[in-house]
Amino acid sequence: MSEHVVVIYPHPDDEAFGASGTITTFREKGVPVTYLCGTLGEMGRNMGNPTFATRETLPEIRKKELIQACEVLDINLEMLGYRDKTLEFESTEEVADHLFSYLNKMKPSLVITHYPGHAVHPDHDAFGAAAIKAVEKFAENERPTVWAQAISRNHLEELGEPDIQNDVSEVFTKKFETIQAHKSQADGMLSKVRNEADDIVEATKQWLGVESFYTWKF
Amino acid sequence: MEPIEINQLQEHIDSFANKEVYVHLETTNGAYASHFNQDAYNVGAFIRNAKVTYQRGKVVGAGATYRVGLKLDIGWIYAEGVNQFEVDEQNRLLMAGHDREGRLMVALQISESPFQY
């Protein structure tokens, strides 16, 4: 099986904050990466700071930001067309079938997604669960590895230390550039760091410099 | 969006009265509220493309925040905390309240055609 990494997250910017360092490391090795992005983050709260988006312009703005972020990372992008905040109310089986239709064509060696039940945002939990269900549809000998990302407060207590801990400080410039591509979201999310630190890149590195995942046990 | 100018906003609200309109109403403190602060609760609600007709709409308030009420034949639509508004290029009236970091806390939007997405 040739290497191909597929990242499955629901929102434009999940890939930036969660896995852009890991993605960069794969790209530097020449491994193709595809992002299956579930929604356009239509219901995001961050409207830029100062605000430049409205509820109605946000989807198109975030779509452009997402495309730009994927250009920064040099990865393929597929937008799956779900609506932000509603993924947990869709049929998990249907979403899993939809995801499988992509995975079955791409035959990835690795899938990166959220750890269901430990991903805080309901969309993360629901999409992670559907992604794992989709991977389960492969026969065992063809099944890609899954790295599941947990961000809940209690994940270390409940799941133990993640077995994959990627120190991405070497490629952090790229990660920061990817986050900045999501301007409408980065403005608000980095403002706290900006207020408290002189060197925002360094402070963000302290916060997001390690990307951790649990290898999913089927 | 611009800070609310109450007379101007009232005129826009009046222009949609007694017409069949689509309303988007939401409030949220975000999906991460209790993640970042264990004492907080996540609350939020939205309704998109509620098809209604209001006989009277009114904006009340001053300074930083305003309240908007729309009186329906058999009920009410209410939003508290809006502080900015605009009429967009599709002639939709968008009202919203944001916190200091530019995050949307409440939105009330009125349109003669359904909202997309």
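**Sheet, helix packing and chain contacts in the predicted model**

In strand β7 of chain A, A:T215 serves as the bridge partner of A:W147. This pair belongs to the two bridges that join β5(A) to β7(A), and the two strands run antiparallel. The description that follows rests on a predicted model. On its β6 side, β7(A), which spans residues 210–215, pairs with β6(A) in the antiparallel sense over four bridges. Within this pairing, A:D167 stands opposite A:V210 of β7(A), and A:Q165 has A:S212 of β7(A) as its bridge partner.

These strands belong to an open sheet of seven strands in chain A, ordered β3-β2-β1-β4-β5-β7-β6, with mixed pairing. The edges are occupied by β3 (76–79) and β6 (164–167) of chain A; each has a single partner strand, so one side of each is left without a neighbour in the sheet. On average, and with direction ignored, neighbouring strands of this sheet are turned by 25° against each other.

Helices of chain A pack on this sheet. Helix α1, residues 14–28 of chain A, lies across β1 (5–9), β2 (33–37), β4 (110–114), β5 (145–149), β6 and β7 of chain A and runs at about 175° to β1(A). Helix α4 of chain A (residues 122–136) also packs on the sheet, where it touches β1, β4 and β5 of chain A. The direction of α4(A) makes about 155° with that of β4(A).

Helix α6(A) is in contact with further helical elements. Its buried residues are A:K174, A:K175, A:F176, A:T178, A:I179 and A:A181, and they pack against α1, α2, α7 (183–189) and α9 (200–208) of chain A. With respect to the first of these partners, the axes of α1(A) and α6(A) come within 9 Å and cross at roughly 140°. This angle makes α1(A) oblique to α6(A). The crossing of α1(A) past α6(A) is right-handed. On the α1(A) side the contact is made by A:A16, A:F17, A:S20, A:G21 and A:T24, and on the α6(A) side by A:F172, A:K174, A:K175, A:T178 and A:I179. Classified by residue type, the contact of α1(A) with α6(A) has four nonpolar, four polar and two charged residues.

The packing of α2 (residues 58–73) against α6 (residues 172–181), both of chain A, occurs at an angle of about 165°, with the axes 8 Å apart. At this angle α2(A) is roughly antiparallel to α6(A). Here too a right-handed crossing is found, with α2(A) passing α6(A). In α2(A), A:E65, A:Q68, A:A69, A:V72 and A:L73 meet A:E177, A:T178 and A:A181 of α6(A). Four nonpolar, two polar and two charged residues make up the contact of α2(A) with α6(A). A:T178 thus takes part in the contact with α1(A) and in the contact with α2(A).

A buried acidic residue is located in a loop of chain A. A:D84 lies in the loop between β3 and α3 (92–106) of chain A. With 22 other C-beta atoms within 10 Å, A:D84 is buried. When neighbours within four places in sequence are left aside, A:D84 is in contact with A:H11, A:T39, A:L40, A:G41, A:E42, A:M43, A:G44 and A:D123. A:I179 of α6(A), by contrast, lies 95 residues from A:D84 in sequence and 19 Å from A:D84 in space, C-alpha to C-alpha.

Chain B contributes consecutive antiparallel pairings. Strand β4 (residues 54–62) of chain B is joined by eight bridges to strand β5 (residues 65–72) of chain B, and the two run antiparallel. Within this pair, B:V60 stands opposite B:R67 of β5(B). β4(B) and β5(B) form a hairpin with two residues between them, and B:G63 in the turn has a positive phi of about 70°. β5(B) is in turn joined by seven bridges to strand β6 (residues 75–82) of chain B, again in an antiparallel arrangement. The bridge partner of B:V68 in β6(B) is B:A79. β5(B) and β6(B) likewise form a hairpin with two residues between them.

Between the chains, 20 residues of chain A are in contact with 21 residues of chain B. The side of chain A that touches chain B has five nonpolar, eight polar and seven charged residues.

Key: Residues numbered from 1 in each chain as written. Chains lettered and ligands numbered in written order. Predicted model: local features only at pLDDT ≥ 70, side-chain atom pairs only at ≥ 80, totals over all residues. Axes fitted to C-alpha atoms, helices over the stretch in contact; angles between N-to-C directions. Parallel < 35°, antiparallel > 145°, perpendicular 65-115°, else oblique. Left-handed = near helix turned anticlockwise from the far one by under 90°. Contact = placed C-beta atoms within 7 Å. Nonpolar A, V, L, I, M, F, W, Y, C, P; charged D, E, K, R; others polar. Pairing = 2+ DSSP bridges. Buried ≥ 20, exposed ≤ 12 C-beta atoms within 10 Å, placed from the backbone.
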